[in-house]
Amino acid sequence: MLTFDKVLQVLSDYLAADTEVDAVKTKYGYVVLYWESVHQEWICPKTCLTPESLFDELLSAYDFFRVFPITRGDGELPAEIRAEIDEEMNQFRVRLNNLL
């Protein structure tokens with residue numbers, strides 16, 4: 001059975017590395033928060049009521065974490081790097097499935 005704890009376990013290294021994303025437990029699930037360093041505030045809270053939605057949101061955040069430093073939001077990502085990042089994301093899925 002998929003749980004919030006298993007999602008956080010699989011993505012723990014990523015969450016430790018990304019200083020601009022946090023997953024906060026609430027009464028109803030988790031909220032993923034994005035830190036805006038320029039304005040020194042949290043932005044774009046995403047409510048995750050299920051472990052699946054938390055995993056999807058954090059995987060999307062991981063993708064941005066890997067892509068943005070390369071493209072700076074401008075330009076196309078080279079195909080070989082896109083494939084590398086896609087494989088890393090697939091490995092998160094595999095690790096999560098192995099815990100089920």
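A salt bridge is a side-chain nitrogen of Lys or Arg within 4 Å of a carboxyl oxygen of Asp or Glu. In this predicted model, Glu88 and Arg66 satisfy that criterion, their closest N and O atoms being 2.8 Å apart. The structure holds 4 salt bridges, and its largest nonpolar core has 25 residues. Strands E1 and E2 run antiparallel, as do E2 and E3.

**Salt bridges between helices H3 and H4**

- The bridge between Glu88 and Arg66 links distant parts of the chain, with Glu88 in helix H4 and Arg66 in helix H3, 22 residues apart.
- Glu88 is partly exposed, at a relative accessible area of 23%.
- Arg66 also forms a salt bridge with Glu84, where the closest N and O atoms are 3.0 Å apart.
- This second pair again connects distant parts of the chain, since Glu84 belongs to helix H4 and Arg66 to helix H3, 18 residues apart.
- Glu84 is partly exposed, and its relative accessible area is 43%.
- A further salt bridge brings together the side chains of Arg82 and Asp63, at 2.4 Å from N to O.
- Because Arg82 lies in helix H4 and Asp63 in helix H3, this pair ties together parts that are 19 residues apart in sequence.
- Arg82 has a relative accessible area of 25% and is therefore partly exposed.
- Glu88, as noted, bridges to Arg66; separately, Asp63, Arg82 and Asp86 are joined into one network by salt bridges that share partners.

**The nonpolar core**

- Within the largest nonpolar core of 25 residues, those with the most contacts are Val7, Leu54, Leu58 and Phe92.
- At least two residues of this core come from each of helix H1 (4–10), strand E1 (21–26), strand E2 (29–36), helix H3 (51–71) and helix H4 (79–99).
- Helix H3 gives the most to the core, contributing 7 residues.
- Beyond its neighbours within four places in sequence, Phe92 is in contact with Val10, Leu11, Tyr14, Phe55, Leu59 and Tyr62.
- In soluble globular proteins, nonpolar side chains tend to be buried together.

**Asp18, a buried acidic residue**

- Asp18 is located in the loop between helix H2 (12–17) and strand E1.
- Although Asp18 is buried, it has no salt bridge, and the nearest side chain of opposite charge, that of Arg66, is 10 Å away.
- That 10 Å separation exceeds the 4 Å limit for a salt bridge.
- The side chain of Asp18 does make a polar contact of 2.7 Å with the side chain of Tyr14.
- The Asp18 side chain also reaches the backbone nitrogen of Glu20, at 2.9 Å.
- Setting aside residues up to four places away in sequence, Asp18 touches Ala61 and Phe65.

**Strand pairing**

- Strands E1 and E2 are antiparallel and are joined by 6 bridges.
- The hairpin that connects E1 to E2 passes through 2 residues.
- In this pairing, Val24 stands opposite Val31 of strand E2.
- Strand E2 also pairs with strand E3 (residues 41–48) in the antiparallel sense, over 6 bridges.
- The hairpin formed by E2 and E3 has 4 residues between the strands, and Gln40 in its turn has a positive phi of about 55 degrees.
- Tyr34 stands opposite Ile43 in strand E3.

**Surroundings of Tyr34**

- Tyr34 lies in strand E2 and has a relative accessible area of 17%, so this residue is buried.
- The side chains of Tyr34 and Glu57 are joined by a polar contact of 2.4 Å.
- Apart from neighbours within four places in sequence, Tyr34 is in contact with Glu20, Val21, Glu41, Trp42, Ile43, Cys44, Lys46, Glu57 and Ala61.
- The C-alpha atoms of Tyr34 and Leu99 are separated by 27 Å, and the two residues are 65 residues apart along the chain.

**Thr71 in helix H3**

- Thr71 is found in helix H3, and its relative accessible area of 11% means that the residue is buried.
- Leaving out neighbours within four places in sequence, Thr71 is in contact with Glu76 and Leu77.

Methods:
Residues numbered from 1 in each chain as written. Predicted model: local features only at pLDDT ≥ 70, side-chain atom pairs only at ≥ 80, totals over all residues. Heavy atoms only, no water. Core = buried A, V, L, I, M, F, W, Y, C linked by side-chain atoms within 4.5 Å. Buried < 20%, exposed > 50% of the residue type's maximum accessible area, 1.4 Å probe, protein only. Contact = heavy atoms within 4.5 Å. Lys, Arg positive; Asp, Glu negative; His and termini not counted. Polar contact = N/O pair within 3.5 Å; in protein donor to acceptor, adjacent residues only side chain to side chain. Pairing = 2+ DSSP bridges.
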